[in-house]
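Notebook open, coffee at hand. Today I wanted to look up a pocket and a pair of packed helices, and jot down what I found.

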Amino acid sequence: MKANSIQSISWQEDHVRILDQTKLPVQEVYLECRDLESIAAAIQRLSIRGAPAIGVAAAMGFAFACRQSTAQNNDEFFRHLDQIYERLLGTRPTAVNLRWALERMLSLARQHSSAGIEVLQDILKQEALKILNEDIEINRRMGRLGQEVVPDQATIITICNTGSLATAGHGTALGVIRSAVEQGKNVCVAACETRPLLQGARLTAWELKKDGIPFELITDGMAGHFMKTRGADLVIAGSDRIAANGDAANKIGTYALAILAQEHGIPFYIAAPVSTIDGSTQSGDKIPIEERSGEEVISVRGTQIAPESIKVWNPAFDVVPNKYIAGIMTEKGILRPPFQESIHKALTDKNN
Ligand code: MRU
């Protein structure tokens, strides 16, 4: 099994190469983004998506756009960096990895504020590549550490896409599943299709099939019946932002899945890197929830399925309250309740 055979994003000399996820699984098309606007638009339209991958794309977009700066001196250059930061930050509001990556890039630039523009441009390119490589390492570590709670023969329910496509490689929740397979465990996955944009049906099913991992695709509404009649050992979902108290925002439908898991006595886990934890947001009700166009609900892949000109509500994420979460799998181990304490420790303890 080649866990990293899928590359959602890569740096090329004259462009950032992005696998256009809006076209999958029917077409494998790569975008060649040659400026800030094309990278920002790719994030906005979900050509690249998933919290860690959005962070990597933002870092690369930042580094790439600053290489095109026509600034004549450092003051102008830093003013340009602020504009690039704002444009990329505005692309998607929920995934905190976006802000995390951009702040890391900007603060590194400020640490070297007296360096020449070309030196700064090179430092930022190297940092973007570092963020990409670190993400793969982090996911692999998270996958290994998560095995503590994954039994052999496990049936695992998951939602959305949290695999190589949603990260720089390996994946978060799907990374834990990949690591289980790598360790020789016989697991079976139930992948929720994930309405309205079908990241589960289009992307997770594509990745699982490519890797030969046994799975069944179910619609979101089937999850409860699946748990009741077929049973499952655990649910693992990713997250776009985890508040300081452990409340976790993830793809719309995750909240319902967590409640269903509780009702059926199935442990519900979140798998996410520490960069997804937003220590400055105290609880889930303060997490900004992206609302997307109603068009995404009215039509499926360009085919209209509901009457025109109707009211639609399309929040892209929901929040799982911490009381439903058995643990948060991270690269620092599985954080357990009370999350206020375990999260604080993970954010502050440099050695764990
Ligand atoms: O709208 P998307 O496709 O970017 O949403 C992605 C998710 O909700 C993922 O579950 C989350 O980002 C974790 S990905 C590793």
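Entry one, the pocket lining. I asked which element gives the largest share of the lining of the largest pocket, and the result was α4, with five residues. A note to myself before going on: this is a predicted model.

I then looked up who else takes part. The lining has 20 residues, and N97, W100, P273, V274 and S275 lie nearest the centre of the pocket. Two or more residues each come from α2, α4 (96–111), α5 and β11 (277–278). For the space inside, I got about 300 Å³.

What is the chemical make-up of the lining? I found nine nonpolar, seven charged and four polar residues.

Entry two, the helix pair. Both α2 and α5 had turned up in the pocket lining, which made me curious about how they pack. Helix α2 covers residues 51–67 and helix α5 covers 117–145; their axes are 8 Å apart, at an angle of about 165 degrees. Angles over 145 degrees count as roughly antiparallel, so α2 is roughly antiparallel to α5. The crossing of α2 past α5 is left-handed.

Next I listed the residues in contact. From α2 I wrote down P52, V56, A59, M60, F62, A63, C66 and R67. From α5 come Q121, L124, K125, A128, L129, I131, L132 and D135.

How do the residues of this contact divide by type? I noted twelve nonpolar, three charged and one polar. That is a friendly place to stop for today.

Methods:
Residues numbered from 1 in each chain as written. Predicted model: local features only at pLDDT ≥ 70, side-chain atom pairs only at ≥ 80, totals over all residues. Heavy atoms only, no water. Axes fitted to C-alpha atoms, helices over the stretch in contact; angles between N-to-C directions. Helix = DSSP H or I, 4+ residues; strand = E, 2+ residues; numbered from the N terminus. Parallel < 35°, antiparallel > 145°, perpendicular 65-115°, else oblique. Left-handed = near helix turned anticlockwise from the far one by under 90°. Contact = heavy atoms within 4.5 Å. Nonpolar A, V, L, I, M, F, W, Y, C, P; charged D, E, K, R; others polar. 1 Å grid on protein atoms, 1.4 Å probe; cavity = no way out; pocket = protein on both sides within 12 Å on 5 of 7 lines; lining within 4 Å. Points joined across faces, edges and corners; volume = space filled by probe spheres on them.
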